Amino acid sequence: MVILDELPFKMVEGEGFRAYSQVLEPRFVVPSRITVARDCMKLYVEEKKALKKLLKSQRNHKGATIGRVIEECLVEWNIEDILTLTVDNASSNDLTIDYLKRNSKWKRSILDNRFLHVRCCAHIVNLICERWLE
């Protein structure tokens with residue numbers, strides 16, 4: 001519920017939520033916001049590993065292939081709206097973003113996907129520093 005409805009973790013400690021949970025199922029012990037946050041982070045880490053494994057299993061690292069895999073994940077996770085996708089400077093990422101813009105099956109796009117492609121500033125700064133240190 002917290003992830004699906006994008007609710008703050010502290011919601012589970014609210015008086016209204018606790019009363020609602022008690023009426024719904026008196027035996028249910030409402031977890032603390034710390035427990036909910038920890039469980040959400042655990043789920044995030046598991047899904048991140050699964051996504052990395054899926055991407056590594058692809059023999060072809062062309063932009064369209066990566067785009068298809070990302071699209072499959074977004075559909076599976078019921079993510080309907082994307083504002084940005086932050087990537088590094090690899091040329092295949094340009095093709096990935098183009099694929100997602102052309103083939104998006106989402107109900108609607110945010111700002112017509114004008115800001116879908118965002119380059120990672122930390123990666124760019126890292127490249128600049130590495131070049132300067134040479």
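Trainee: Which helix gives the most to the lining of the second largest pocket?

Mentor: Helix 3 does, with four residues. Keep in mind that this is a predicted model, where local features need pLDDT of at least 70 and side-chain atom pairs count only at 80 or more, while totals for chains, interfaces and linings use all residues. Residues are numbered from 1 along each chain as its sequence is written, and side-chain values use heavy atoms, leaving out hydrogens and water.

Trainee: How do I read a pocket, and what volume does the second largest one have?

Mentor: Rolling a water-sized probe over the atoms shows where empty space is left. A pocket is an open set of points on a 1 Å grid over the protein atoms alone where a 1.4 Å probe fits, with protein on both sides within 12 Å along at least five of seven lines; lining residues have an atom within 4 Å of a point. Here the volume is about 460 Å³ (the space filled by probe spheres on the points, joined across faces, edges and corners).

Trainee: Which residues lie nearest its centre?

Mentor: L55, I70, T86, V87 and N93, out of 18 lining residues. Helix 2 (33-57), helix 3 (63-76), strand 1 (85-87) and helix 4 (91-103) each give two or more (DSSP runs numbered from the N terminus: helices H or I, at least four residues; strands E, at least two). By class, you get 11 nonpolar, six polar and one charged.

Trainee: And what about the largest pocket?

Mentor: That one holds about 700 Å³ of space. I3, Y44, E47, W77 and I79 are the closest to its centre, among 16 lining residues. Its lining has nine nonpolar, one polar and six charged residues.

Key: Ala, Val, Leu, Ile, Met, Phe, Trp, Tyr, Cys and Pro count as nonpolar, Asp, Glu, Lys and Arg as charged, and the others, Gly among them, as polar.
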